[in-house]
Structures are given as C-alpha cells and as structure tokens.
Number of protein chains: 2
Amino acid sequence: MKKKRIMNIAIVGLGNIGSYLYKFLSANIKQLEKKNTSKPKIIFISAKNIKKKRKIKIPKSKWLKNYMDAAKSKKVDIIVELIGGAEGPAKNLVFSALKNKKHVVTANKALIAKYGDDLSKIAEKNKVNLEYEAAVCGGVPIIRSLKEGLIANRISKVQGVLNGTSNYILTSMYKDKLSFQKALKKAQDLGYAEANPSSDINGDDVASKLKILSSLCFNSFLNNKIHIEGINFIDKKDIINADKLGYKIKLLGIAELINNKICQRVHPSLVKKTSYIASIDGVLNAVIVDGDPVGQSTIQGEGAGPEATTSALISDISSILRGNIKYPFSISKKQRKKIISDDMINRVFSAYIKLDVKDKHGVLSNITSIFSSNRVSIKRLIQDPNPNKLSSSIVIITHNCKNDLLTKSLKKLEKKAYIIGKPKLIRIEND
Amino acid sequence: MKKKRIMNIAIVGLGNIGSYLYKFLSANIKQLEKKNTSKPKIIFISAKNIKKKRKIKIPKSKWLKNYMDAAKSKKVDIIVELIGGAEGPAKNLVFSALKNKKHVVTANKALIAKYGDDLSKIAEKNKVNLEYEAAVCGGVPIIRSLKEGLIANRISKVQGVLNGTSNYILTSMYKDKLSFQKALKKAQDLGYAEANPSSDINGDDVASKLKILSSLCFNSFLNNKIHIEGINFIDKKDIINADKLGYKIKLLGIAELINNKICQRVHPSLVKKTSYIASIDGVLNAVIVDGDPVGQSTIQGEGAGPEATTSALISDISSILRGNIKYPFSISKKQRKKIISDDMINRVFSAYIKLDVKDKHGVLSNITSIFSSNRVSIKRLIQDPNPNKLSSSIVIITHNCKNDLLTKSLKKLEKKAYIIGKPKLIRIEND
C-alpha cells in the first residue's frame with residue numbers, strides 16, 4: 001500500500017472544544033487515515049494562556065508561543081481556529097492563514113457571518129478550503145448537507161431552532177415552570193450557558209448562523225439585513241399563556257426567498273404544541289429546509305458542546321484530508337448573487353399580544369378601537385384580573401395582518417397611561 | 001474562466017424516476033455546472049420499451065437500442081442505472097459499467113444490498129465511483145451524511161422508518177381507522193404503493209436498506225443475517241389496541257453493534273405515541289444514528305417519489321462532477337471487517353401479544369401458566385369478549401424478557417385447541 005501523504009494541523013485556541021478535539025484527534029489518527037486519502041498530524045498547539053493548568057498533556061515541542069506563527073509556518077497545512085469572536089486574534093489568524101495558502105477549519109460563526117465573503121474570496125483564489133460546519137448547529141451536519149446532499153435543490157426557506165442555550169432556557173421555563181432568571185441560572189450551572197450569555201439570549205448567535213445558512217441556501221452573498229429579537233423579554237406568564245392556547249414558545253431563525261427577495265428574521269415564536277418544531281427540546285438543534293424537488297428535509301441533533309462540535313470539526317478536517325477542494329459557499333464568488341432584502345414591514349403574521357393594564361372603565365374599548373383603527377382584527381381575547389385586583393392582564397391572539405400594523409398598534413398602546421410596562425408581541429409561526 | 005470538462009451521462013431505465021431525472025437534469029445543466037468542477041451532459045438514454053408513449057420528448061439521437069452499449073461506449077463517463085432488481089439487466093449493466101471504468105449512480109437498493117461488496121471491489125480497483133444515495137430513503141441525504149458529515153463518529157446503532165409505503169399504510173390504519181386491505185388500496189390509488197407491493201409490506205425493502213446502512217455505519221461487509229417481519233399480519237384491531245395503550249405501530253429497521261456483534265432486524269414495533277419516531281407519519285422517512293462523540297442525530301424527509309429520488313441522484317452525479325472519488329463503502333475493502341452476527345434469540349424485549357380464544361373454563365389459567373413456565377412475566381392483560389360471545393380476545397403486554405422465550409411461549413400456545421387463528425407478537429421498542 002502506498003504511504004499516505006501527511007497533512008500537518010495546527011490547533012489555535014484550547015478551551016473546552018480545543019482540548020476535546022486535541023484528545024479525539026490524537027486518539028483517532030488511524031481511523032481517519034483509513035477513511036481519507038491523507039493522514040492527519042497535529043504539529044502545533046497555541047492558546048492564550050500557555051501556563052494554565054489543563055486536563056490534557058501536550059508535549060512541549062508542539063506549543064507555539066505566537067499563534068500567528070501557525071499561519072506563517074511552512075510546515076502547516078491546516079489551521080483549526082477555535083479562538084472565537086469576529087474581530088481581533090481570530091480574524092487576524094484566519095485572514096493570514098488563507099493568504100498563506102493554508103486550509104482553515106473554524107467553529108467561529110461570528111467571523112464567518114461577518115467576514116465570510118472576504119475570506120471565501122481569498123480561499124477561492126488560493127485554492128484552499130475554508131470549512132465551517134462546526135459554526136452552525138454543532139454536530140448537525142447541515143452545511144455539508146446543503147453543499148452536497150441537497151445540491152440539486154432550489155431552496156425557498158430555511159428555518160430552525162439554531163441555539164441550544166436559549167432553547168434549553170425556554171424548555172426549562174415550560175417544563176419546570178421556572179422564571180427566565182432561574183432557567184438561565186440552571187443553564188449556566190449545567191454548562192449550557194456561558195457566564196456572559198448575551199449573544200445566546202439576545203438572538204445574535206442565531207442571527208450569525210441564519211446569515212450563513214441563508215447565504216448557502218440562496219447562493220447569495222452574506223446579507224446583513226436581519227430582524228433580531230431575543231428571548232430576554234419572555235416571562236413564565238407568557239409560557240403559561242401560550243401553553244393554555246396550545247402553543248410552545250421557541251426562538252426561531254427563519255430565512256425565506258419571497259418574490260426574489262430575502263427576508264431574514266430571528267425572534268421568539270409561538271408554535272403549535274403538536275408541531276415537529278415544538279418537539280425540539282433542551283439543547284437540541286433542528287434545521288428544516290424547503291427544497292425543490294426534494295420537498296421538506298429536516299436535520300436534528302446536538303447543537304453544542306465539545307463532543308458534537310468535534311464531530312463537525314473532524315468532518316471538515318476529513319474533507320480536506322480527502323483533497324475535496326470546494327468553494328466555501330458552494331459556488332464561486334462570480335456566481336453568487338446580491339439579493340435584495342425584503343422588509344419585515346411587508347410580512348404577514350398572526351400574533352400573541354400581552355398587555356398589563358390598570359383596571360379602569362373604558363380601557364378595553366379603547367384598546368380594541370386602537371387595534372381596529374390599525375386594521376388588526378382580534379381572534380381571541382382573554383382578560384384576567386391580577387391578584388392585586390388593581391390591574392388586569394390581557395392576552396390577545398390576532399388574525400393574520402401586516403407586521404407593520406401590529407407594531408404600529410403596539411406603539412400607540414405604549415403611550416397610553418393605562419398601560420403598565422411594555423406591551424409584548426410574539427409572532428405565531430406556521431399556524 | 002477556464003472551460004469546464006464535460007462528463008457524459010447515460011440514463012438506463014425510463015420509468016417515473018428516469019423521466020423526472022431526464023427533465024430535471026436537462027433543465028438544470030447550468031446550475032450544476034456552477035456548483036461543480038465539470039459539466040454534465042446526457043448523451044444516451046435507454047429503456048425497455050422504446051416505442052412506449054412518454055410525456056417527455058427525447059431526441060432520436062440519444063436513444064440507445066441496447067442498454068449494454070452504454071457500459072461499453074467510450075463516450076460515456078457516468079451511467080445512471082434505474083432499471084431496478086438485484087438480478088438480470090441491472091446487475092449486468094452495473095458490473096459491466098464498473099469493469100469498463102464508468103462511474104455508476106444507482107437507486108437500486110436490492111442490487112447494492114446483494115452485490116455491493118463485489119461491485120465496490122471493482123469500483124475501488126478501477127478508481128471510479130459507485131454512488132447509491134437514492135437507494136436508501138429517497139431524498140434524505142443519509143448516505144452522504146454517514147460518509148462525510150458524521151465521519152468522525154463510532155456508530156453503535158442506526159434505526160428508522162425506512163419505507164414510505166408501509167408507513168403510509170400504518171398511518172392510514174391509525175388515522176382513518178382503515179383495514180389493512182383498504183389502506184393498501186388507498187396507497188395504491190395514490191401511487192404510494194406499486195401494483196405488486198410485496199417487498200414494501202413484507203419487510204424486504206427495509207431489509208435491503210438496513211443492510212446497506214449497517215455496513216456503512218459499522219465499517220463491515222454486507223451482512224445477510226437479518227430478522228425480517230412485514231406488516232401484512234397487522235389488522236385494525238392491533239392498531240386500536242396499541243392506541244389505547246399509548247402506542248403507535250411502526251415498521252422499523254434497526255441495526256445495532258452489541259458486544260462487537262451486529263444485530264439486524266426489521267419488524268413492526270410498538271413505539272410510544274409521544275416519541276419522535278411515532279411522529280414520522282405518511283410517506284416520510286427518518287433515520288436516527290447514535291454516534292460517539294456526536295450523540296444522537298436524526299435526518300428526516302421524503303423517502304420516495306421521482307422528485308425526492310432525483311434530489312439524491314443529482315447529489316451523487318454532482319459528487320462525481322466534482323471529481324470526489326471515494327470508496328463506495330466509506331473505507332477501502334481492505335479495512336472493512338467481517339463482523340459476527342448476533343442472534344435475535346439473545347435480544348430482550350417487552351411485547352404486545354394478541355390471542356383469540358374460545359370461551360371455555362380454564363383457558364386464562366392455562367395461558368398464564370404457559371407464559372409463567374417460560375419465564376415470561378405479564379405486565380398487563382386485557383380480556384374482551386368478542387361480539388359473538390363465543391370467543392374472547394386477549395391482549396397481553398409482557399415485561400422485558402428474552403426474544404427466545406417469547407417465541408417459545410407463542411409456539412406452545414399455537415398448538416392449543418382453544419386458540420383461534422395465529423397468536424400475534426409485536427415487540428415494544430425503546431419503552
């Protein structure tokens with residue numbers, strides 16, 4: 001048997017994921033050699049704090065003091081970037097690596113969502129791979145499925161539960177009847193949420209993933225126009241109200257091609273309890289793709305954690321080990337299109353609206369007249385006095401109407417003296 | 001831009017799938033050229049009955065009288081085999097094509113399940129691709145996901161709803177309370193079942209798919225030891241009984257690696273109504289893979305029909321258009337293993353058992369003593385008098401016990417004079 005070519009790997013960043021990858025890769029060299037046309041070898045490791053105590057032992061000879069040397073070393077074929085963040089070291093490393101004709105594997109969704117177009121231009125020019133399966137939904141092989149398994153299809157819609165942390169929080173609030181804060185704390189205690197969980201709960205993480213998916217699905221350049229809402233304004237009461245009405249609340253990322261325009265949005269949604277998407281609980285992720293001719297395809301799995309992420313990183317590394325050189329966004333930059341964005345204003349939704357109001361005469365009539373004058377028609381209205389008996393909570397389910405009219409009505413209501421706090425709007429999806 | 005190499009394609013077999021593929025491929029040449037490194041061109045078509053009236057128009061110059069010429073022609077790079085069947089013309093064509101160094105794309109699960117090892121040996125030797133994404137679960141990109149997206153994982157179990165026809169029948173029996181015969185007739189009327197539906201309902205179709213999946217998952221040669229039961233013995237009453245007990249009945253294909261032995265089985269199973277697998281209704285297919293380190297991954301989508309199958313065929317063709325030469329079974333034949341089979345005898349199940357009995361004194365006591373002497377312990381027993389009042393139907397849910405003891409008990413019962421018809425056994429899965 002001919003001896004296989006060795007591909008030298010540098011891993012930069014050695015947190016939970018980097019450490020797990022190092023261990024797994026070291027233990028599975030032979031298995032990967034069997035399945036691919038060249039053999040992987042880790043030659044360098046770099047991390048911010050070399051002296052930090054780690055559970056894994058790394059030979060001194062592999063430590064690289066300056067991570068940027070990985071991008072410059074003639075010995076390195078593949079750089080695995082696990083630093084994170086769209087700017088700073090991660091950005092410098094990946095740009096420099098591609099310019100120096102190294103293949104890059106990254107789990108960095110923020111970087112790809114922001115600089116993916118520029119990076120792919122360099123990768124394409126230098127005929128190296130830029131692989132980012134691990135950046136979207138951890139172990140769920142959605143990037144590879146879009147680029148290869150579903151290559152025949154014209155995709156009109158991609159949607160899903162794309163963030164395990166927020167989904168874990170919403171699931172805990174539903175199942176264990178926890179408040180948002182308690183559910184967040186629990187997620188942090190279990191390692192499902194970081195000490196600073198902001199990008200997970202404010203929708204930014206989902207937005208990065210959705211931009212990448214939408215670009216791949218619609219053969220377009222990355223599109224920055226995106227409507228983003230997080231889950232931080234949802235409380236236990238909303239979860240209970242939704243439950244009574246037959247819904248669960250999920251943070252969805254949805255990108256659609258409508259009349260040749262792209263509409264990208266991230267927001268909590270009420271989904272029917274009996275729907276497939278409602279069954280995606282805990283840290284699970286799921287992506288649903290509407291394609292022609294294939295119909296609807298769904299891929300579901302572990303969205304985060306060192307194990308699942310390593311599964312994705314290894315699939316990227318293996319692709320390079322097989323010499324499977326590909327355009328980073330499936331087609332050449334010359335063929336990618338600039339697609340106009342559609343505005344949320346034009347989209348049509350039914351919605352769950354929750355208002356807390358002072359208990360005064362004429363309030364209900366005033367509210368309904370505001371909706372009516374904005375052409376929002378009400379399908380269901382439930383008024384419940386609050387325990388203090390001085391205020392009531394009103395839950396409204398609207399019929400389908402333009403997003404614009406929904407938000408206008410809420411803005412009008414906000415100004416009314418009888419409204420306590422901020423009125424809430426959660427859209428209903430696929431009803 | 002450099003002109004791309006042209007890859008010449010011959011399509012052999014022009015039923016529903018072949019016709020749809022021809023239309024789709026002809027209409028999407030440019031799109032496929034954009035996404036791949038060479039350009040596809042259909043140069044030959046062959047089918048059994050050339051003179052048959054077809055909905056599509058094919059230029060005379062493309063018609064090949066003798067399909068075997070496709071395998072021999074120097075012009076042809078890729079042969080798409082859509083004849084079907086493990087023997088005869090399909091077998092001759094594919095063997096000859098690979099011997100003549102043509103890439104082969106096929107939707108033929110029977111052929112791959114039977115001759116996949118021999119075929120892959122030739123493909124490997126001649127450095128051509130043998131692609132069969134369309135052979136397993138139509139448009140669901142499971143083969144590519146196993147070979148690439150989940151390449152890092154050691155897989156311990158693969159299971160799923162792998163046949164759309166039988167699943168449609170079981171779903172109709174459940175939802176519309178139809179008899180097996182009426183549900184089959186409905187499936188035939190809607191084009192979901194063929195005039196001769198035997199391989200769909202007797203489990204053979206699932207068995208072929210499961211053998212292929214299991215070989216890919218466990219890096220083993222194809223394994224012929226497989227337990228197969230179909231759905232033809234299930235009647236409306238079983239569906240209703242299961243429903244009352246909180247279950248749906250699904251035809252599952254399950255392959256597991258247990259103590260380094262492979263256990264392959266295809267049989268109807270009772271699955272909890274709230275489980276994910278119970279939600280796979282109608283013609284949908286779903287495959288669940290347990291992998292280390294990724295955890296559980298699920299892929300779901302349209303399992304059959306010309307559209308979904310074409311999606312899979314095009315992904316196979318595209319893989320060849322990108323020059324992505326791969327071992328047909330993920331690793332070289334030298335690395336594939338012969339794995340011993342485990343016998344169903346050793347497996348442990350709880351089960352649903354249904355007996356029809358003559359209403360005589362002492363019958364129940366005799367039945368329970370037979371189970372007891374075979375160490376089958378009963379969790380639940382429901383006896384209902386039949387409308388004629390001369391007989392009763394008895395439904396038993398057992399505790400977990402060895403498969404062997406379950407079948408032994410049933411064999412003993414079968415011989416009893418008080419038993420009407422054949423006792424039924426349906427295993428309960430993932431309870």
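Select A:Thr298 and look across to chain B: the bridge partner of A:Thr298 in β11(B) is B:Gln300. The model is a predicted one.

**The strand pair between the chains**

Widen the selection to β11 in both chains. β11(A) and β11(B), residues 295-302 of chain B, are joined by three bridges and run antiparallel. Now pick A:Ile299. Its C-alpha lies 2.3 Å from the rotation axis, the closest approach of any residue of chain A.

To see that axis at work, superpose the two chains. A turn of 180 degrees with a shift of 0.0 Å along the axis lays chain A on chain B at an RMSD of 0.0 Å. This is the relation of a two-fold axis.

**The rest of the interface**

Next, select every residue of chain A that is in contact with chain B. There are 39 of them, and they meet 39 residues of chain B. On the chain A side, the elements that supply two or more residues are α2 (29-35), α6 (142-149), β11 (295-302) and α12 (306-321). Colour that side by class, and 13 nonpolar, 20 polar and six charged residues appear. The copies meet through the same surface, because 100% of the interface residues of chain A are interface residues in chain B as well.

**Chain A as a whole**

Hide chain B and zoom out. Chain A contains 14 helices and 16 strands. Its C-alpha atoms fill a box of roughly 85 × 50 × 35 Å along the principal axes. The radius of gyration is 24 Å, which agrees with the value near 22 Å for a compact globule of 431 residues. Colour by burial: buried residues are 51% of the 431 in chain A. Of the contacts in chain A with a separation of 6 or more, 75% are between residues 24 or more positions apart.

**The five-stranded parallel sheet**

Select β1 to β5 of chain A. They form an open sheet in the order β2-β1-β3-β4-β5, with parallel pairing. Which strands stand at the edges? They are β2 (38-46) and β5 (130-131) of chain A; each has a single partner strand, so one side of each lacks a neighbour in the sheet.

Go to the β5 end. Strand β4(A), residues 103-106, pairs with β5(A) over two bridges in the parallel sense. To find the register there, select A:Val105, whose bridge partner in β5(A) is A:Glu131.

For the other strand pairs, show chain B again. β1(B), residues 5-12, is joined to β2(B), residues 38-46, by eight bridges, and the two run parallel. Select B:Asn8 to find its bridge partner in β2(B), B:Lys41. β1(B) is also joined to β3(B), residues 78-81, by four bridges, again in parallel. On that side, B:Ala10 stands opposite B:Ile79 of β3(B).

**Helix α11 of chain A**

Last, return to chain A and select α11, residues 236-244. Which of its residues are buried? They are A:Asp238, A:Ile239, A:Asn241 and A:Ala242. Look down the axis of α11(A): these buried residues fall within an arc of 165 degrees, so they line one face of the helix.

Then add the elements that cover the buried residues of α11(A). Among them are α7 (164-175), β8 (247-258), β9 (261-272), β12 (348-358), β14 (391-398) and β16 (419-428) of chain A. Finish at A:Gly246, just after α11(A), where phi is positive at about 95 degrees.

How values were computed: Residues numbered from 1 in each chain as written. Chains lettered and ligands numbered in written order. Predicted model: local features only at pLDDT ≥ 70, side-chain atom pairs only at ≥ 80, totals over all residues. Rg over C-alpha atoms; globule rule 2.2 N^0.38 Å. Buried ≥ 20, exposed ≤ 12 C-beta atoms within 10 Å, placed from the backbone. Contact = placed C-beta atoms within 7 Å. Least-squares fit on C-alpha atoms with pLDDT ≥ 70 in both. Nonpolar A, V, L, I, M, F, W, Y, C, P; charged D, E, K, R; others polar. Pairing = 2+ DSSP bridges. Arc of directions from axis to C-beta.
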